[in-house]
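Reader: Hey, I've got a structure to go through and I'm new to this. Can we walk through it together?

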Amino acid sequence: MANDLIHVTGLAKTFESGDQTVSVLSGLDLSLAGGQSLALTGPSGSGKSTLLNILCGLERPDSGHLHVAGQTLAGEGAPVNKALEQAWAGLRRQCIGVVFQDANLMPALSLLDNIRLRASLAGNAGDSGQQWLSKLGIGELGERYPDQVSGGQRQRAALAMVFAVRPALILADEPTGSLDRVTAEAVADELFGLQARQGCGLILATHDPELAARCQFQLDLGHRGGA
Ligand code: ADP
Ligand code: MG
């Protein structure tokens, strides 16, 4: 569909494991519009991370069509080789915010400088970064380095960094998986609150049924039944 942020049809991915070929995704169809949220669920090994990696260009599908933010990235009409790499790099810089389970902060930069760098790469150089740290409840920690704060604070800083990009799409792989229950809920509140305010799309992979239930849509990769 023309207005979809993500439109995927017939996506397939296999991996070679020793002398075996393992089919991780096959015949996967999926659409997401701006402002919508989707939870990827399913047991460990069902392909949640693989799908997120394909949706941000870190893995290539074997076959299928993939459109992200109006660009064709796999299937007929997709660029190849260097042009494909450049298309993905541009999307990751300006359009897609990725949150991993282990906060993807640069260890040599303070929290604030991590956010400023990410914002300026996305073309938001005027962004002070401070407002995002404050919104996420860690406004006083900007001068600290990632190894000088707790895991929950690092995860909030990683979210601040993603929001400073003002992405059209957020991909989050077990974003609260390494946090205790109370911190996980607080981080999830921020994630959903900011997603609603910015109106961006969100796809998150999670083992946590409560977190999955907070998304508008759920896709169980363990029991997909062809969808
Ligand atoms: P999930 O995130 O749902 O736990 P993954 O997407 O990480 O699942 O993995 C799906 C399957 O693909 C697993 O069987 C995993 O071992 C396999 N896999 C993932 N990445 C690779 C890779 N780079 N090479 C070989 N096998 C892989
Ligand atoms: Mg995973």
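Author: Sure, let's start at a glycine: glycine 57 follows α1 and has a positive phi, near 85 degrees. The helices here (H or I, at least four residues) and strands (E, at least two) are DSSP runs, numbered from the N terminus.

Reader: Wait, where do the numbers and letters come from, and what kind of model is this?
Author: Residues are numbered from 1 along each chain as its sequence is written, while chains are lettered from A and ligands numbered from 1 in the order in which they are written. This is a predicted model, where local features need pLDDT of at least 70, side-chain atom pairs count only at pLDDT 80 or more, and totals for chains, interfaces and linings use all residues; side-chain values use heavy atoms, with hydrogens and water left out.

Reader: Ok, back to α1. Why is it called largely enclosed by the rest of the structure?
Author: Because 7 of the 8 residues of this helix, residues 48-55, are buried. Buried means under 20% relative accessible area, exposed means over 50%, and partly exposed is in between (1.4 Å probe, protein chains only).

Reader: Which ones are buried in α1?
Author: Lys48, Thr50, Leu51, Leu52, Asn53, Ile54 and Leu55.

Reader: You said positive phi. What's the usual sign for residues other than glycine?
Author: Most of them have a negative phi. Asparagine 81 has a positive one, near 50 degrees, and it is not a glycine.

Reader: Where does asparagine 81 sit, and is it buried or exposed?
Author: It belongs to helix α2, residues 81-94. With a relative accessible area of 63%, asparagine 81 is exposed.

Reader: And what about arginine 166, what's its phi?
Author: Positive too, about 50 degrees, although arginine 166 is not a glycine. You'll find arginine 166 in the loop between α5 (151-164) and β7 (169-173), and it counts as partly exposed because its relative accessibility is 45%.

Reader: Zooming out, how many helices and strands does the chain have?
Author: 7 helices and 9 strands. Its C-alpha atoms fill a box of roughly 50 × 35 × 35 Å along the principal axes.

Reader: How does the radius of gyration agree with a compact globule?
Author: A compact globule of 227 residues would come out near 17 Å, and the chain has 17 Å, so the two agree. That radius is taken over C-alpha atoms, and the globule rule is 2.2 Å times the number of residues to the power 0.38.

Reader: How much of the chain is buried?
Author: 47% of the 227 residues.

Reader: New topic: serine 37. Where is it?
Author: In strand β3, residues 37-41. Serine 37 is buried, because its relative accessibility is 4%.

Reader: What does serine 37 touch?
Author: Skipping residues up to four places away in sequence, it touches Leu32, Gln195, Leu202, Arg214, Cys215, Gln216 and Phe217. Contact means heavy atoms within 4.5 Å. A polar atom of the serine 37 side chain also lies 2.9 Å from the backbone nitrogen of glutamine 216.

Reader: Last one, histidine 65: which strand is that in?
Author: Strand β4, residues 63-68. Histidine 65 counts as partly exposed because its relative accessibility is 33%. Beyond its neighbours within four places in sequence, histidine 65 has contacts including His7, Val8 and Glu76.

Reader: How far is histidine 65 from leucine 191?
Author: 126 residues in sequence and 29 Å in space, C-alpha to C-alpha.

Terms used. Polar contact = N/O pair within 3.5 Å; in protein donor to acceptor, adjacent residues only side chain to side chain.
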